[in-house]
Each structure stands twice: as structure tokens, then as C-alpha cells.
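Subject: Structure handover and notes

Dear colleague,

I am passing on the structure below, together with notes on what turned up when it was examined. Please read the notes with the structure open beside them.

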Amino acid sequence: MARIICVIGNKGGTGKTTLSHMLCQGFGLLGYRAACVLTDVSREPLSPNGRRYITADARNGEALTKVIEKLRTLDEWVGVVDGAGNRTDMDHKLYDLADIVLLPFRDSHEDIRAVSRDLEIFPCAYGVPAQWPSNLWQREAADRNVLQLMGAFRNRLLKPVIALSSSKLLLHKQMPESLPSPLIRACRALGREVLDILEIDNGDDEMGAGCHIERLPTAETPMRLRRA
């Protein structure tokens with residue numbers, strides 16, 4: 001059956017939708033069938049044309065239930081549920097149905113405080129440094145802030161997803177026929193890392209660039225698959 005990934009977090013503006021589409025694009029580039037599931041009522045559905053994944057509209061509870069039930073019947077699919085900010089009850093619901101939960105955050109102290117609270121509330125979730133600075137000095141400062149303020153969660157952090165202006169192309173209602181190479185590489189790197197956590201062979205040994213955050217060995221990561 002399909003694996004379900006939920007991208008959530010109480011704070012708005014952290015890049016949940018962008019991360020969801022990057023992840024789905026990465027899965028498609030790696031040869032996996034993926035669906036990006038919209039739950040944010042403030043957003044409009046995007047056309048699947050030109051994408052390496054399908055899109056699904058699940059902006060009400062009944063539609064979400066149907067989409068998840070359908071995905072669970074499909075072999076070798078991955079469903080990525082795009083959450084929204086300020087929806088605590090929905091975050092708990094998505095957390096309970098997911099195989100893996102991702103909590104994106106930016107490099108501000110406000111975001112770091114908010115994601116730290118969410119990591120405490122959701123003990124089997126992973127934080128994702130998103131829209132991370134590409135400038136070396138700014139990135140080193142951001143990494144230091146994470147290590148200082150999120151030391152207790154350092155083994156539950158994915159590699160940073162560097163800020164790319166081209167990532168907004170994924171959020172166009174009709175996606176362009178081709179994407180810039182840096183965006184393609186970023187999507188693939190993100191997809192590989194999440195597939196590794198899900199214990200799915202990503203078929204690619206190439207590793208993406210990351211920050212200096214020590215990760216636990218695979219056997220000791222906080223969440224393995226919840227469903228056999």
C-alpha cells in the first residue's frame with residue numbers, strides 16, 4: 001500500500017506547500033508514483049499537467065478520507081499531504097494517519113521556537129530546515145542557531161532545503177515544461193532522504209549537500225514504519 005507523508009506545523013509561512021511539491025517532484029524524478037494532496041482551504045488546486053506526480057483536492061474531511069483510503073489501496077505509491085498553519089486539531093489528525101511527519105521551519109528564532117514546540121508535541125516527527133540561506137555566512141549562522149536552540153532535537157532534523165527562487169515554479173497552476181537544474185537536484189536530494197527514512201530503496205547513492213547536524217544511525221531514528 002502507499003506510504004503517507006504529512007507536512008504539517010502550527011506556524012504559517014514555513015514553506016509547507018513548497019516542500020510538499022518539491023518532495024513529490026523528487027519522488028517522480030526517482031521513479032516513484034506520488035500524489036500531492038491539498039488540504040489548505042486558502043489555496044486552489046494545481047493542475048497535474050507537466051508534473052511528475054498527480055495532485056488531489058482534499059480540502060474537506062470527507063475528501064481527505066477518500067483520498068487516503070484510495071492511496072492505501074495502491075502499491076508502490078507515495079502520498080504527500082500538504083497541511084496548513086494554525087490548525088492544531090488537523091495536525092493531530094494528520095500525524096495519526098501518517099507513516100512519516102515533516103515539520104518545515106525557516107531560520108528565524110520565531111520559526112525555531114515554533115517547530116521546537118511541535119517536535120515536543122509530535123515525538124515521531126522530523127524537522128526540515130526549509131528555505132535555508134544559500135549564502136555561506138548566513139547559512140553558518142543559521143546552522144549555529146539550530147544547534148544552539150534545537151540541540152535536543154538534532155537527531156530528528158533532515159538536511160536543509162536551500163532557498164531557491166525557482167521553487168515557486170512548482171506552485172504555478174500550470175507548471176512549466178522544464179525546471180532549472182538546481183531545483184531538480186534539490187527535489188531529488190529531498191526525495192532520497194525521505195525514502196531512506198521510510199526504508200524504501202531510492203535506487204541512487206548520490207547524497208545531497210547538508211548541514212553539520214549529526215544524525216543517529218538508521219536503527220536508532222525515532223520513527224520507523226508504523227504499519228507492516
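**The cavity and its lining**

The largest cavity encloses about 60 Å³ of space. When the whole structure is searched for cavities of 30 Å³ or more, one is found. Please keep in mind from the outset that this is a predicted model.

The lining of the largest cavity includes Ile-8, Gly-9, Asn-10, Lys-11 and Thr-14, and also Leu-103, Pro-104 and Phe-105. Further along the sequence, Asp-111, Ala-114, Val-115 and Asp-118 line the largest cavity as well. Two elements, β5 (100–105) and α4, each give two or more residues to this lining, and α4 supplies the largest share, with four residues. Sorted by class, the lining of the largest cavity consists of six nonpolar, three polar and three charged residues.

**The second largest pocket**

The pockets were looked at too, and the second largest pocket has a volume of about 180 Å³. Its lining is made up of 17 residues, and those that lie nearest the centre of the pocket are Gly-13, Gly-15, Lys-16, Thr-17 and Arg-43. In the lining of this second largest pocket, 11 residues are polar and five are charged, while one is nonpolar.

**The overall arrangement**

To place these features in the chain, it helps to know that the protein has six helices and six strands, which follow one another along the sequence in the pattern β-α-β-β-α-β-α-β-α-β-α-α. The protein has 228 residues, of which 53% count as buried. Among the contacts with a separation of 6 or more, 76% are between residues 24 or more positions apart.

**Leu-119 in helix α4**

Helix α4, which spans residues 109–121, contains Leu-119, and this residue counts as buried because its relative accessibility is 1%, under the 20% cut-off. Once its neighbours within four places in sequence are set aside, Leu-119 is in contact with Leu-103, Ala-125, Tyr-126, Gly-127, Met-150, Phe-153 and Arg-156. One of these partners, Leu-103, is also among the residues that line the largest cavity. As for Leu-102, its C-alpha atom is separated by 9.7 Å from that of Leu-119, with the two residues 17 apart along the chain.

**Salt bridges**

Six salt bridges are found in a search of the whole structure, and three of the pairs are described here.

In one of them, the side chains of Arg-59 and Asp-57 meet with an N to O distance of 2.8 Å. Arg-59 is partly exposed at 31% relative accessibility, and Asp-57 is likewise partly exposed, at 37%.

Another salt bridge joins Glu-62 to Lys-66, whose closest N and O atoms are 3.3 Å apart. Both of these residues belong to helix α2 (residues 61–72), where they are four residues apart, or about one turn of the helix, and both are exposed.

A further salt bridge is formed by Glu-193 and Lys-159, with 3.6 Å between the closest N and O atoms. Because Glu-193 lies in helix α6 (residues 181–197) and Lys-159 in the loop between α5 (136–149) and α6, this pair ties together parts that are 34 residues apart in sequence. Glu-193 is buried, with a relative accessible area of 9%, whereas Lys-159 is partly exposed, with a relative accessible area of 26%.

**Cysteines**

You may wonder how many disulfides there are, and the count comes to zero. A disulfide is a covalent bond between the sulfur atoms of two cysteines, and the cut-off used here is a pair of sulfur atoms within 2.5 Å.

Why does Cys-36 not form such a bond with Cys-24? The sulfur of Cys-24 is the closest cysteine sulfur to that of Cys-36, but it is 4.2 Å away and therefore too far for a bond. Cys-36 is buried, with a relative accessible area of 4%.

Cys-187 is also in no disulfide, and the nearest cysteine sulfur to it, again that of Cys-24, is 9.8 Å away. At 0% relative accessibility, Cys-187 counts as buried.

With kind regards

Conventions
Residues numbered from 1 in each chain as written. Predicted model: local features only at pLDDT ≥ 70, side-chain atom pairs only at ≥ 80, totals over all residues. Heavy atoms only, no water. Buried < 20%, exposed > 50% of the residue type's maximum accessible area, 1.4 Å probe, protein only. Contact = heavy atoms within 4.5 Å. 1 Å grid on protein atoms, 1.4 Å probe; cavity = no way out; pocket = protein on both sides within 12 Å on 5 of 7 lines; lining within 4 Å. Points joined across faces, edges and corners; volume = space filled by probe spheres on them. Nonpolar A, V, L, I, M, F, W, Y, C, P; charged D, E, K, R; others polar. Salt bridge = Lys/Arg side-chain N within 4 Å of Asp/Glu carboxyl O.
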